[in-house]
Structure formats: structure tokens, C-alpha cells
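Please open the model in your viewer and keep the selection tool at hand, as this tour moves from one selection to the next and says what is to be found at each stop.

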Protein chains: 2
Amino acid sequence: MTTDTTWHYENFERAGSAIGYRITRKLDEVQSPFQFIEIYESTDWGNLMLIDGAMMLTTRDNFLYHEMMSHPALFTHANPKNVVIIGGGDCGTLREVLKHKGVEKAVQCDIDEQVTRMAEKWFPELCDSNNDPRAELLFDDGIAYMANCAPGSVDIVIVDSTDPVGPAEGLFNKAFYESCFKALKDDGILVQQSESPLVLLDLIKEMRGEMGKAGFTTFKTLPFPQPCYPTGWWSATLARKAGGFTFREADARAKLFDSKYYSADIHQGALVAPPFVAAALGE
Amino acid sequence: MTTDTTWHYENFERAGSAIGYRITRKLDEVQSPFQFIEIYESTDWGNLMLIDGAMMLTTRDNFLYHEMMSHPALFTHANPKNVVIIGGGDCGTLREVLKHKGVEKAVQCDIDEQVTRMAEKWFPELCDSNNDPRAELLFDDGIAYMANCAPGSVDIVIVDSTDPVGPAEGLFNKAFYESCFKALKDDGILVQQSESPLVLLDLIKEMRGEMGKAGFTTFKTLPFPQPCYPTGWWSATLARKAGGFTFREADARAKLFDSKYYSADIHQGALVAPPFVAAALGE
């Protein structure tokens, strides 16, 4: 290993800001049928995965995103048994979901098998639960998967996708959300990564608008820190057909698994939007 | 104004990460006796102030830092009347402090008058309260100011400094904290910006250690998003001679001024450290 280092920067055109990492070398790369995947080694953040030049995750900080994309929804639903993850090929969300012993089945449907192969190789800790008998890994089109899901069969759909450009564009519109609405039971929950609450509030509003057109009536956007994404401040938006977002706080406090960022108190705190976010979202 | 843009990156050596902004032009610069101050215009973040190449604030996101450096302490102290701000030359913290009508006097002591002159010119909104009769702006050595403060005369000391290198290095050690301890009343509160809770936990522990050697016995580190600082996730550490950090929640809920990020609920949420932070800090 060389001790030479270089800085890799990613410019976020929509935000007018950039984030960079000090890297030591490129570890791997593959051009899949869908996208170009690169793995870098960094001095302080472990390994980095980039897809089409965009930072997807680092060894060091991915726990923030994966925990907040899963546990708030799983501790809000009364009894989640069937979970579908659309995207999520790095398997980190799947691992968190399967920490809930009540989950009987978790399907991960990512269009790009190479993302999972790279995760197995360079982020093996995220793939700890891939052989769990409750896990089903599909490499297929998430839009088609949701459209073909049996109506009323799913408790939670987690859309763990890249940004709404390229392969993931179709995961942010009314047609896709209608499929989710149909597949979810009446008390089901849809979770969507929803970008930065500081600079991309318009996108969150637009996303909620599309979810609303598909029939969802209640929404909650939970912010959390995520250093490797634009502004370092990210969010997950939860949507339901009806009902609120009171969570199973006692269960969350008594949870039998470890988490690094998520806790019942963090969950409680994330439920309350800062004034400027609440105002923008009309809460 | 030209429509050409360029990207300005700042590498954070200790964190191994970088943050950048798309800028349109340099608006101003001055070499003061202490440091080199630059002002840039950005496409999405308003104006930027850099000191010795390090990002200090942007028009768009400084409210996060200024609100969280002031309101949590002011709503924790039972009746804060005398507040001292060490550093804080951009006057944003002073403005937030003076929103509290019970404050009778707020001294801002920054060693570098040029920081305030640049703020008046390029961030005038932060200087709204500079002519408040309760405000006293000093341009002097904050270490000497605290050392010479009348014992037991101050309710809250806010150390709104740059990082612990260069002019601000002396604001992060036992000797300085001893001066703060002496100047504070028994129920006083010390507030110090305490870097990123994700990558600089060692610094927070070290800082608390120095505060402890100076006599402070209780500590609380409040995290908050701050996109323009390393990792986009920052913190303020509060220290007291004795007693806890229960805040005047009813007063915070009934506050008579606007804030964009701070609220009683945000305050409540920030009091609870995520599990990995609590573990590292031994909370």
C-alpha cells in the first residue's frame, strides 16, 4: 500500500456545495449493465463506494443512514412481518431490518447485482444477514417488483435508492408510489430517503405531493446527520395510508439489538421538525 | 457580476474529509494583525467568510450554529443577565443572546476588529443588535478579558471561537477555563463550540477533561447540523460548576422571538446523545 494520498471531491450541482475525502487508492471498479461502481480506500472513513461518481456510502458513517431508514418505521408499525426494500443493494438496510425478530420476511430488490457483489467484497459487515433464512435477495427492477406485488401483502416498503436521476428516477413518482400503496396493508408504512432538509426542501415537498396523489395521507420527515451526502444532513420520509407516527417507544427502549445512532430518544427527537422545516412543509 | 463559477474546497486534515462551495467571485479580503479574512460570493449559500482559509460561516446556514451556541444555555440558566461572548466577532451569537429580554448586558470580546468590520459589511443581518444599549463590543484578547473579569460576576460565558489552532488555541485549555470558572457565578454556564461529534470525539473528551481540571463538574454536549463545518455535524458543549442541564422548557416554548432551528423540542432532542456518542463520552 502506498502512503500517497489524494483528495476526491464530489460536486453537488443542485446544492452548490461539495464533499470530499482523502483517499489512498482505488480498490476496485466494475461497469455493470446499469452503472459504474468504484471502491476507494480512504485514510479516515474506511472504504468508499461511488456509483456513477456519486458517493453512496463509507465504512465509517453508513450506520447513520441504515439505522434511520429502518428502525423508525419498524418501531412505528405495530407488528411488521413482511418488509420490502427497493434498492438497498449494499445490504445495510436489510441487516438492520432483520435485527427485528418479529420480521418474518425481508425482500431486497435491487436492479444491480454488482452493487451487492461489491458490498460483499468491500463492506462485508453490511452483508452479515444475507444468509438469514428470512432474507430474499432479488436482482430485478424494483418498479416492476412493486407493481406485481400481491395487494395488501406488505407491512413496510423501504425505498433505499440513489438520487432521483438515472436508474432511480422512476422511484420518486406517483406511478411507483401507487404500486407501493396497493402492495401495502392498510396500516403499512412507506419509507423513502428524502435528501437534505436544508437545501432540498422543495424535493421533499414534491415527493410528498406525489405520494399524496398515490393515496398516502400522512407524512413525517425525520432528519439525521449523514456526512457523506450533500450538506451532511439527510432525511427519511415516512408515509401512511392513514394514521400517525406515534412509535412503540417502550419496545424501542427495550430493543434487544445494538445500534450506534438510533435510540428511542433519537427517534423522539427526529419526529419534531426544526421550525424552518416545519414551516416549509406546512406542519 | 460574472456568471463564471469555480469550486472552492477546504480540506480538513484531522477529519480526512473536505467541504466545498460553488463560488462566483471574491468580494473582499483583508490581512488583519491576526489573520487573513476573505469574503466570497457563492451561488447557493450567500456570502462566505473564510479565516486563514478555513470556512467560518455562510449566509445560508449560520443560523444553526448561532442559535445552538446561545439558546440552549440561555434557556438552561434560571435567569441569565450578564453574558460574555469570547470570540464571536461576526456578531451572530450576540444577536441571538440579545433576543432574550432578561439579558441586561452582553459583552462580545473578539481579538480581531476586522472580523466585525467584515461582518458589518457582508453579513449585516448578523449585526442587527450591535447598537443595542445592552451590547458592548470589545476588540481585545479574550484570554486576558476572562482572567481580569470580576469573580462571580458572569452568568454565561460563550466561547465562540475558531478551531483550537492559531489565535484560538489558548481558549481550549485548563488555564482559560479556570478564568471562566472564577468569573462565573455558582450557577453559571460555560458554552464552548466542540467540533464534530462523529470524528472529533477525542477532542470533546480532551476539552471536557481540561474543563474538569478547572473545576467544572457537569457537562452536556449538544449536537446539531452545520453543513459548513467538517462532517456537517457539529456540537456545543455546556459545562457547569454543579447541577444539571434541565432547561426552562415552558419558557422556551413561550419564547417571544423567532428562531429557525432552535425550539423547545429541538433542545430536548439535542440533550440526548446518540448511543455511540454517549458511550465514547461515558454518559
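Helices and strands are taken here as DSSP runs, with at least four residues for a helix and at least two for a strand, and they are numbered from the N terminus. The model is a predicted one.

Begin with the cavities, of which a search of the whole structure finds 3 of 30 Å³ or more. The largest cavity holds about 330 Å³ of space, and to find its centre you can select Pro223(A), Tyr261(A), Pro223(B), Tyr261(B) and Gly269(B), the closest to that centre among the 21 residues that line it. Next select β11 (218–225) and α8 (264–270) in chain A, and then β11 (218–225) and α8 (264–270) in chain B, since each of these elements supplies at least two residues of the lining. The largest share, 4 residues, comes from α8(A). If you colour the lining of this largest cavity by class, you should find 18 nonpolar, 2 polar and 1 charged residues.

Move on to the second largest cavity, which has a volume of about 80 Å³. Its lining is made of 14 residues, and those nearest its centre are Ala18(A), Ile19(A), Thr231(A), Ile19(B) and Pro227(B). Selecting β2 (17–31) in chain A together with β2 (17–31) in chain B shows the elements that give two or more residues to this lining. By class, the lining of the second largest cavity divides into 8 nonpolar, 6 polar and no charged residues.

Now turn to the nonpolar cores. In the largest one, which has 164 residues, select Leu190(A) and Leu190(B), the members that touch the most other members. Around Leu190(B), leaving aside residues up to four places away in sequence, the contacts include Val157(B), Val159(B), Tyr177(B), Cys180(B) and Leu184(B), and also Met211(B), Phe216(B), Thr237(B), Leu238(B) and Ala239(B). A second, separate core has 12 residues, and Ile51(A), Met56(A), Leu57(A) and Leu126(A) are among them. In soluble globular proteins, nonpolar side chains tend to be buried together.

For the last stop, select Lys101(A), which sits in the loop between α2 (92–97) and β7 (105–110) of chain A. Is Lys101(A) buried or exposed? Lys101(A) counts as exposed because its relative accessible area is 69%, where exposed means over 50%. Finally, add Glu120(A) to the selection: Lys101(A) and Glu120(A) are 19 residues apart along the chain, and their C-alpha atoms are separated by 23 Å.

Notes
Residues are numbered from 1 along each chain as its sequence is written. Chains are lettered from A and ligands numbered from 1 in the order in which they are written. This is a predicted model: local features need pLDDT of at least 70, side-chain atom pairs count only at pLDDT 80 or more; totals for chains, interfaces and linings use all residues. Side-chain values use heavy atoms; hydrogens and water are left out. A nonpolar core is a set of buried Ala, Val, Leu, Ile, Met, Phe, Trp, Tyr and Cys residues joined through side-chain atoms within 4.5 Å. Buried means under 20% relative accessible area, exposed over 50%, partly exposed in between (1.4 Å probe, protein chains only). Contact means heavy atoms within 4.5 Å. On a 1 Å grid over the protein atoms alone, a cavity is a set of points where a 1.4 Å probe fits but cannot get out, and a pocket is an open set with protein on both sides within 12 Å along at least five of seven lines; lining residues have an atom within 4 Å of a point. Grid points are joined across faces, edges and corners, and a volume is the space filled by probe spheres set on the points. Ala, Val, Leu, Ile, Met, Phe, Trp, Tyr, Cys and Pro count as nonpolar, Asp, Glu, Lys and Arg as charged, and the others, Gly among them, as polar.
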